[in-house]
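Here is a friendly walk through one protein chain, written for someone who likes to check geometry against coordinates. Keep the viewer open and follow along.

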Amino acid sequence: MSSSFITVGLSVAVLAFVTLVMDATATKGPSFCHGLDCPPFTVLNKTSQYEVRAYNRTMWARTHIAGQTFDQCQQTGVTLMASDLNLITCTILSTIFGNNVDKQKIAMTTPVLISVRPDQSLEHDVSFMVPFDKQPNPPRPAAANIYLTYDAKHVSYVKSFPGFASGSSVTEAANQLSQALQAENLPFNSTVYYAAIYDGPYKLFDRHNEVWYDAI
């Protein structure tokens, strides 16, 4: 079974290990980041439906997944992680926890960021933010299907929603956000949106998720 098949689900399940790898010196951000490094932003505006955020340039570890729906990727990854931990050596998780070319241990960050393309529902990019202290000289991923990339400064429209992030709940939140933006004639990139998942499956209550559309 290919590493691409399992990576998206592992990305969500791995947040269950946050308490084991929390960096005591992590930059303090919003409460939903739980003391972990998370993408810094400034709130430019806030309505009852969404926030407008300006994000700084940030480095991410990223991989592309094909052939899985949002839900299938999560379910497959959780099952494989529980039954065969050897498979995690092919994922972003292994880079986070030290299976990188430089054998560095890296603190966990949040959120897990999953791209969703409405016209290509089986195509996803999964990303973990590289911790701030590693971004100037990041460890090199060992897996060929994981790469490091910078996201440039950008402005995003962000809608928060509670509960467990599933394909249906993510789609519903994205639809609500796009309708609100269209009603106000605000230009945004409708070809792709992002699901930001801040909590692992161990947390049952007060969960925080977001969907992001980039402004244009």
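Strands here are DSSP runs of E with at least two residues, and they are numbered from the N terminus. By that rule, L148 is found in strand β6, which spans residues 147-151. Please keep in mind that this is a predicted model.

## The overall fold

The chain contains five helices and nine strands. Their order along the sequence is α-α-β-β-β-α-α-β-β-β-β-α-β-β. Of the 216 residues in the chain, 49% are buried. Among contacts with a separation of 6 or more, 74% are between residues 24 or more positions apart. The chain exposes about 10,100 Å², and 55% of that area is supplied by carbon and sulfur atoms.

## Back to L148

Is L148 buried, partly exposed or exposed? Its relative accessibility is 29%, and because buried means under 20% and exposed over 50%, L148 counts as partly exposed. Leaving aside neighbours within four places in sequence, L148 is in contact with W60, A61, V130, P138, P139 and P141. As a distance to try in your viewer, the C-alpha atoms of L148 and S127 are 9.4 Å apart, with their positions 21 residues apart in sequence.

## Nonpolar cores

In soluble globular proteins, nonpolar side chains tend to be buried together. The largest nonpolar core in this model has 25 residues, of which Y50, F70, Y157, V170, L177, L181 and Y213 touch the most other members. At least two residues of this core come from each of β4 (112-116), β5 (123-129), β7 (154-161), α5 (167-183), β8 (193-197) and β9 (209-214). The element that gives the most is α5, with six residues.

Which residues does L177 touch, not counting those up to four places away in sequence? They are Y50, Y157, V158, K159, V211 and Y213. Apart from this core lies another of eleven residues, including C33, Y55, W60 and M129.

## The disulfide

C33 also takes part in the one disulfide that the structure holds. Its partner is C38, with an S to S distance of 2.1 Å. The torsion about the S-S bond is about 95 degrees, so the disulfide is right-handed. Both cysteines are buried: C33 has a relative accessible area of 1%, and C38 has one of 6%.

## Aromatic rings and charges

The model has six aromatic pairs. In one of them, the ring centres of F41 and Y55 are 5.4 Å apart and the planes meet at 50 degrees, so the pair is tilted; the tilted class lies between 30 and 60 degrees. This pair links distant parts of the chain, with F41 in strand β1 (residues 41-46) and Y55 in strand β2 (residues 51-55), 14 residues apart. Ring pairs also bring in W212, which forms a cluster with F41 and Y55.

How do F41 and Y55 stand in terms of accessibility? F41 is partly exposed, at 22% relative accessible area, whereas Y55 is buried, at 4%.

Two arginines lie over ring faces, as this table shows.

| Arginine | Ring | Distance from ring centre |
|---|---|---|
| R53 | F41 | 4.1 Å |
| R207 | F164 | 3.9 Å |

F41 therefore has a tilted ring partner in Y55 and R53 over its face.

## Backbone details

Most residues other than glycine have a negative phi, and most peptide bonds are trans. A few places in this model are worth a look with that in mind. T110 and P111 are joined by a cis peptide bond, with omega of about 5 degrees. P111 is found in the loop between α4 (92-96) and β4.

Where does N185 lie? N185 is in the loop between α5 and β8, and its phi is positive, near 55 degrees. At 69% relative accessibility, N185 counts as exposed. D206 also has a positive phi, near 55 degrees, and is placed in the loop between β8 and β9. With a relative accessibility of 70%, D206 counts as exposed because the cut-off is over 50%.

Technical notes
Residues are numbered from 1 along each chain as its sequence is written. This is a predicted model: local features need pLDDT of at least 70, side-chain atom pairs count only at pLDDT 80 or more; totals for chains, interfaces and linings use all residues. Side-chain values use heavy atoms; hydrogens and water are left out. Helices (H or I, at least four residues) and strands (E, at least two) are DSSP runs, numbered from the N terminus. Buried means under 20% relative accessible area, exposed over 50%, partly exposed in between (1.4 Å probe, protein chains only). Contact means heavy atoms within 4.5 Å. Accessible areas come from the Shrake-Rupley method with a 1.4 Å probe; for residues, only the protein chains shown count as cover. Rings of Phe, Tyr and Trp (its six-membered ring) pair if their centres lie within 6.5 Å; planes under 30 degrees apart count as stacked, over 60 as edge-to-face and the rest as tilted. A charge sits over a ring if NZ of Lys or CZ of Arg is within 6 Å of the ring centre and within 35 degrees of the ring normal. A disulfide is a pair of cysteine sulfur atoms within 2.5 Å. A nonpolar core is a set of buried Ala, Val, Leu, Ile, Met, Phe, Trp, Tyr and Cys residues joined through side-chain atoms within 4.5 Å.
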